[in-house]
Amino acid sequence: MKFIRASIYGFAKWNDFQIDFQPDELEVIYGENESGKSSLQQFILFMLFGLPPKKRTFFRSRTSGKMGGMLTIYEEEIGEYKIERVDEARNGSAKCLLPNGEEADEEWLKSRLNGMTRQTYRSIFSFDALDLTALKTMKEEDLGEILLGIGLTGSTDIYAVEKRLDSKINELFKPFGKKPVINQQLDYLEDLNNKVQLFKSHEKTYDEKMVKLVEINADLERLQQVIQMEKKNVSESDKIRQALPNLIRLNKYEDQLESYPEVIPFPKDGMNRWHAVKEKILPLQSELAVLHNNATSYNNKQIELKESLMDYETYDEVKRLVDTQKDYNEQIKEMKNLKYAIKEQEAGLKNELKNIDTKLEINDLDDISLAYQTENKWIQLYEGSQQLRIEKEKLTQEKAVQRKQKKELEISLDSLKDNQLTPKQVDELSNRIQDYNNYHYQEKENKQQANFKAIKNQKQKTSFNLFVGSALLGILFGLIGFLQGYLWGYGVMLVSIGVGIAQWIISKRSVQTMEQLFTNNETNLDDIPVTLEEKEEAEQLLADYDESLRQAETIADKLHANNIDQIKWQERHELTMQTANRIDEKIRHQRKLYPILETIDVSNWPSFYHTFKSLLQQNLDWRKKGQQLNAVIMKETQLRENVMKFFADKNWELDYKSIDACFAFLQEKVEEHDNKLHLIEQYVTWIETTDEQIEIMKQKVQVFQTELANLLKAAEVNTEEEFYQKNTLLEDKKKIEIKREEVMEQLSMIFSEEKIGELISNDMMDVTKIQEKQEDYRNKLELAEQEIEERRKQLAAINADLANMESSDEHSQTMHRFHLENDELKKLSEKWAILKSAKEMLLETKKSYREKYMTRMMEQTSAYFAILTNHAYTNVYAPTEEKLFQVESVDHLRYTVNELSQGTKDQLYIALRLAISEVMSDAHRMPFIIDDAFVHFDDIRVENMMLLIASIAKKRQVLLFTCRRALINNANGGKITVLSESVRKS
């Protein structure tokens with residue numbers, strides 16, 4: 001990716017500005033301080049990654065209606081495309097104009113950036129002088145954090161995740177803590193376990209009894225198999241051999257039966273009935289005992305809980321303080337918001353004060369206030385100063401014109417005076433013209449006299465002819481009137497004759513007058529005094545003389561007018577100066593009122609008014625927020641002091657006295673008190689329920705005890721032991737009778753009754769061995785049967801115990817709670833184990849990530865550092881936990897970073913940053929931006945640095961922003977762009 005062109009519509013100080021970049025060599029962008037270098041960098045980042053609305057407002061141009069611009073980029077895979085962002089369109093998101101004419105959106109741009117963010121870009125591809133200070137105390141872990149932070153999405157996030165993991169782990173469990181959740185759960189489980197152990201002291205555990213039950217059933221099955229086997233052995237004996245033992249047993253049984261009473265009183269199915277009652281009464285008696293124990297335990301717990309309760313006054317105070325926690329948290333939140341807003345606004349104020357190039361500080365704004373008529377005054381002063389400037393320019397021009405005009409007029413007047421005729425010459429020329437005129441006038445008179453005579457004769461002849469014609473015309477009309485009888489004919493006749501007579505009289509008088517005029521005017525014209533040429537020459541000279549007089553008079557009038565204009569100019573000049581003094585006085589007054597105007601020309605006052613008014617309003621808002629912050633702090637302090645005072649009054653102490661811990665402690669106290677009250681109510685309910693259960697249980701036991709007494713009475717015994725003995729006696733007798741019957745039945749299958757009787761009476765000493773063997777079988781059989789009986793008794797007892805345990809609610813409830821809480825402990829333990837594993841994985845990831853890139857990065861750093869130091873140092877060694885960065889010189893001596901000069905330290909850090917960008921940018925070939933990072937470099941270091949950057953620029957585009965002219969001289973053929981006031985539109 002390479003930058004081709006940046007077109008800025010409006011951004012910070014830039015307005016309608018365009019700059020072309022050099023993609024294949026070093027680009028050096030030079031500008032003095034405040035020339036807009038940082039704004040240009042921020043614009044490039046804005047085009048790539050965008051900005052939130054608040055930041056876009058901060059960078060909005062003050063002189064442009066639009067905020068945004070266009071960045072032209074070249075990529076080999078796509079070609080040349082453009083990224084456009086405008087604040088007013090698409091909420092500041094990007095519009096990408098592709099070479100094929102299509103448009104792409106923000107998501108397409110993010111995919112092209114391959115996950116690159118603003119923070120990652122600044123971490124890898126950009127640095128300035130402020131970043132160089134991080135090298136002094138950097139350890140191995142810090143360097144690993146840098147690598148991890150750059151490779152992932154920011155070391156701050158990784159650090160925060162690690163801290164959150166530690167916090168979560170400590171919240172769950174501490175080896176010696178009491179507050180963590182798992183520690184509390186263990187304590188609670190220990191209490192439950194003690195209760196369970198209490199039950200175990202009275203009876204075996206349910207699992208053990210179930211195991212025992214299974215074992216007994218297995219023994220019964222085994223013993224049954226033994227019995228069957230022994231019986232099989234007996235049955236398989238020889239019939240004859242078998243008969244002898246049967247006869248012996250028969251004889252024995254007969255003898256035994258004789259020893260028993262003939263009738264043994266015992267209830268029918270008494271033993272089963274006894275066991276059935278016992279199976280029912282034993283659980284009831286056990287449960288009754290448990291209920292008595294529970295009632296006692298509940299009473300004791302209730303007393304303990306009541307004694308541990310807080311008094312009502314303390315409880316009410318604690319609850320009231322807990323209720324203030326929400327208000328306190330709101331104050332804390334508002335305090336944070338206000339502090340952030342104040343900091344942001346203060347930075348904005350300082351930035352604006354810096355932008356308007358004034359020496360005012362923020363505190364100076366407190367003493368400044370704008371009156372409502374100030375804007376009009378500033379506009380009037382601006383307009384007045386503009387008019388005054390125009391008037392002064394006009395007066396200056398008029399003064400110059402007047403002086404020039406006066407000088408020209410005076411020169412012209414002097415020239416005319418020098419060329420004018422003398423009075424004598426004028427008289428001579430006038431006489432010459434007079435003589436010529438007199439001569440020619442007389443000649444004219446003579447000609448006129450001759451003409452008059454001809455005219456006189458012609459006029460007399462014409463007058464006579466007109467008189468004759470009028471008379472004839474009158475006569476004619478008179479005849480017509482006479483002949484036709486028309487009166488008007490006579491009238492016309494009289495008029496016509498009258499007109500003829502009148503014109504004849506007038507003509508005659510005119511001729512007489514002319515005769516008088518031309519009488520005696522004839523003169524002799526023999527001599528000609530002046531020729532026509534002389535007369536014309538004289539006339540021309542006089543005409544020139546008259547013209548010069550006229551011109552001189554005109555010039556004199558103009559000089560007079562010029563003097564008047566000068567007087568008027570002087571009056572206007574004095575009036576203008578008075579106006580200028582008044583305006584200057586007003587300007588000085590305004591600058592005295594507002595010192596900030598000292599460095600601002602009056603022409604900029606109207607536009608500056610709104611900026612200044614906004615600045616004062618921002619300062620007022622900033623001060624108000626400060627007052628709000630003080631009020632919030634006072635309220636927060638009051639709430640904190642109330643809590644702390646309460647703790648002091650109650651002599652309550654915590655391991656750490658943070659207000660949040662105090663509120664949590666108070667909340668725990670309230671919850672503990674409420675839980676105890678609830679538990680007391682529960683105990684009361686349990687006691688009442690237990691008492692009712694005891695009464696019910698006693699009635700049930702009484703019923704079964706009555707039934708047992710009836711069984712004892714039927715067996716004619718008084719005690720349970722005697723009942724069992726009589727049952728045993730009866731059972732033994734029945735067994736003997738059964739065995740006798742069995743023997744008789746077996747023998748009857750082989751022998752007749754007579755034969756059996758005979759066999760009994762016979763001597764059986766000859767078959768002793770057989771009898772012994774058969775006796776051995778019988779003994780084994782009896783042992784198995786006795787063991788079965790014992791197992792059956794054990795089975796009955798276990799069944800009774802299990803029935804008792806299964807019917808006990810307290811035991812099941814306790815076990816249920818124990819298992820639930822144990823499951824909860826397992827979940828918490830699993831969560832703790834997950835968090836612990838996550839932390840270990842995070843640490844392992846950091847370690848592996850560091851090991852993965854550390855070697856390559858340090859090799860690249862060593863190479864760059866050697867170039868920058870003219871190979872004075874050959875190797876760079878990464879920091880460890882015990883040591884800082886070390887460098888090795890050509891003579892194999894090692895130095896720590898603190899033993900290097902500041903310039904060498906900066907060279908080392910720049911080499912490190914360049915190496916990091918080289919190692920970490922495999923997936924991103926983006927331009928590198930450096931901003932004045934060589935402030936501590938001498939000329940040699942600057943030359944080496946520029947050579948290295950120029951070599952890097954051949955592989956990847958590099959933009960170097962600087963305010964140092966020395967770097968321009970070391971640009972090594974790179975393109976140099978100078979940012980000057982001529983290109984700024986701020």
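**Rings, charges and one buried valine**

Arg791 is buried, with a relative accessible area of 16%. That is under the 20% cut-off for buried. Keep in mind that this is a predicted model.

Let me stay with Arg791 for a moment. Arg791 forms a salt bridge with Glu787. The closest N and O atoms are 3.4 Å apart. Both residues sit in helix H20, residues 768-807. Glu787 and Arg791 are 4 residues apart there, so about one helical turn separates them. Glu787 is partly exposed, at 25% relative accessibility. So this bridge joins a partly exposed Glu787 to a buried Arg791.

Now the overview. The protein has 986 residues, and 38% of them are buried. Its secondary structure comes to 24 helices and 14 strands. Take the contacts with a separation of 6 or more: residues 24 or more positions apart account for 75% of them. The exposed area is about 58400 Å². Carbon and sulfur atoms supply 51% of that area.

Back to charges. How many salt bridges are there in the count? There are 21 salt bridges. One of them joins Arg5 and Asp20, with the closest N and O atoms at 2.8 Å. Arg5 lies in strand E1, residues 2-11, and Asp20 in strand E2, residues 14-20. The pair therefore ties together parts that are 15 residues apart in sequence. Arg5 is partly exposed, at 26% relative accessible area. Asp20 is partly exposed as well, at 35%.

Next, a bridge inside a helix. Arg222 and Asp219 meet through their side chains, at 3.9 Å from N to O. Both lie in helix H8, residues 206-235. They are 3 residues apart, about one turn of the helix. Arg222 is partly exposed, at 37% relative accessibility.

There is also a network of salt bridges. Its members are Arg56, Arg60, Asp87 and Glu88.

On to the aromatics. A pair of rings is described by two things: the distance of the centres and the angle of the planes. The count here comes to 15 aromatic pairs. Look at Phe58 and Phe59. Are their planes stacked or edge-to-face? The centres are 5.1 Å apart and the planes stand at 85 degrees, so the pair is edge-to-face. The cut-off for that label is over 60 degrees. Phe58 is partly exposed, with a relative accessible area of 48%. Phe59 counts as buried, at 12%.

A second pair to look at is Tyr298 and Trp686. This pair is tilted, with 5.3 Å centre to centre and 40 degrees between the planes. Tyr298 lies in helix H10, residues 270-308, and Trp686 in helix H17, residues 659-714. So the pair ties together parts that are 388 residues apart in sequence. Tyr298 is buried, at 9% relative accessible area. Trp686 is partly exposed, at 27%.

Phe58 and Phe59 come back in a cluster. Ring pairs link them with Phe11, Phe43 and Phe46.

Rings also meet charges. The charged end of Lys66 sits over the ring of Tyr9, 4.4 Å from its centre. Lys399 lies over the face of Trp569, at 4.6 Å from the ring centre.

Now the surface. Which residues make the nonpolar surface patch of about 730 Å²? They are Phe464, Val468, Leu472, Ile475, Leu479, Phe482 and Leu483. Take Ile475 as one of them. Ile475 lies in helix H13, residues 423-484. Ile475 is partly exposed, at 45% relative accessibility.

Last, a residue from the inside. Val318 is buried, with a relative accessible area of 0%. You will find Val318 in helix H11, residues 312-355. What does Val318 touch, leaving aside residues up to four places away in sequence? The list is Met310, Phe646, Trp652, Leu666, Lys669 and Val670. Phe663 gives another distance to look at. Val318 and Phe663 are 345 residues apart in sequence. In space they are 9.4 Å apart, C-alpha to C-alpha.

To recap: the count gave 21 salt bridges and 15 aromatic pairs. On the surface, the patch with Ile475 covers about 730 Å². Inside, Val318 is buried at 0%.

Methods. Residues are numbered from 1 along each chain as its sequence is written. This is a predicted model: local features need pLDDT of at least 70, side-chain atom pairs count only at pLDDT 80 or more; totals for chains, interfaces and linings use all residues. Side-chain values use heavy atoms; hydrogens and water are left out. Rings of Phe, Tyr and Trp (its six-membered ring) pair if their centres lie within 6.5 Å; planes under 30 degrees apart count as stacked, over 60 as edge-to-face and the rest as tilted. Buried means under 20% relative accessible area, exposed over 50%, partly exposed in between (1.4 Å probe, protein chains only). Helices (H or I, at least four residues) and strands (E, at least two) are DSSP runs, numbered from the N terminus. A charge sits over a ring if NZ of Lys or CZ of Arg is within 6 Å of the ring centre and within 35 degrees of the ring normal. Patches are made of residues with over 30% relative accessible area and no salt bridge: like charges are joined within 9 Å, nonpolar side chains (Val, Leu, Ile, Met, Phe, Trp, Tyr) within 5 Å. Accessible areas come from the Shrake-Rupley method with a 1.4 Å probe; for residues, only the protein chains shown count as cover. A salt bridge is a side-chain nitrogen of Lys or Arg within 4 Å of a carboxyl oxygen of Asp or Glu. Contact means heavy atoms within 4.5 Å.
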